[in-house]
Amino acid sequence: METVKRKLLTVREAASLVDGLFEYRVRKICMCGQLDHFKSGNRVLITDENLMKAVFGSEKSIISDRMESH
């Protein structure tokens, strides 16, 4: 069985990956249940797949391409 490693994003990282999306809005969509996330201490962590699903309605994999280019 192969283990799949998922990229976890902080609120700041998630907001920086989508033009026009601010940290405040990422936190709000997490709090209202539109974006699946979990907390580690006070830090909110989001998978890249969940972010794309919440923002664009699908699991686009453009984040991995953007993350590698930075």
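**Exercise 1. The core**

Task: In this predicted model, find which residues of the largest nonpolar core touch the most other members.

Solution:
- Step 1. Start with the core as a set: the largest one holds 15 residues, and those touching the most other members are Ala14, Val26, Cys30, Leu35, Ile46 and Leu51.
- Step 2. Now ask where the core comes from. Two or more residues each are supplied by helix H1 (11-17), helix H2 (23-31), strand E3 (43-47) and helix H3 (48-56).
- Step 3. Among these elements, H1 makes the biggest contribution, with 4 residues.
- Step 4. Zoom in on one member, Ile46. Leaving aside residues up to four places away in sequence, Ile46 touches Lys7, Leu8, Leu9, Ala14, Val26, Cys30, Leu35, Asp36, His37 and Leu51.

**Exercise 2. Helix H2**

Task: Work out which residues of H2 are buried, and what the face turned away from them carries.

Solution:
- Step 1. Using the cut-off for buried, under 20% relative accessible area, you get Val26, Ile29 and Cys30 in H2.
- Step 2. Look down the axis of H2: the buried residues fall within an arc of 105°, so they line one face of the helix.
- Step 3. Turn to the face away from the buried side of H2, and you meet the exposed residues Tyr24 and Met31.
- Step 4. See what the buried residues of H2 pack against: their partners are H1 and E3.
- Step 5. Finish just past the helix, where Gly33 has a positive phi of about 90°.

**Exercise 3. Helix H3**

Task: Repeat the reasoning for H3, asking which of its residues are buried.

Solution:
- Step 1. List the buried residues of H3, namely Asp48, Leu51 and Met52.
- Step 2. Check how they are arranged: down the axis of H3 they fall within an arc of 95°, so they line one face of the helix.
- Step 3. Walk off the end of H3 and you reach Gly57, with a positive phi near 85°.

**Exercise 4. The whole chain**

Task: Describe the protein by its elements, its contacts and its surface.

Solution:
- Step 1. Count the elements: there are 4 helices and 3 strands.
- Step 2. Put them in sequence order, which gives β-α-α-β-β-α-α.
- Step 3. Consider contacts between residues at least 6 apart in sequence; of these, 46% join residues at least 24 apart.
- Step 4. Close with burial and surface. Of the 70 residues, 29% are buried, and the accessible surface is about 5300 Å², with 48% belonging to carbon and sulfur atoms.

Note on methods:
Residues numbered from 1 in each chain as written. Predicted model: local features only at pLDDT ≥ 70, side-chain atom pairs only at ≥ 80, totals over all residues. Heavy atoms only, no water. Core = buried A, V, L, I, M, F, W, Y, C linked by side-chain atoms within 4.5 Å. Buried < 20%, exposed > 50% of the residue type's maximum accessible area, 1.4 Å probe, protein only. Contact = heavy atoms within 4.5 Å. Arc of directions from axis to C-beta. Areas by Shrake-Rupley, 256 points an atom, 1.4 Å probe, with all protein chains shown as cover.
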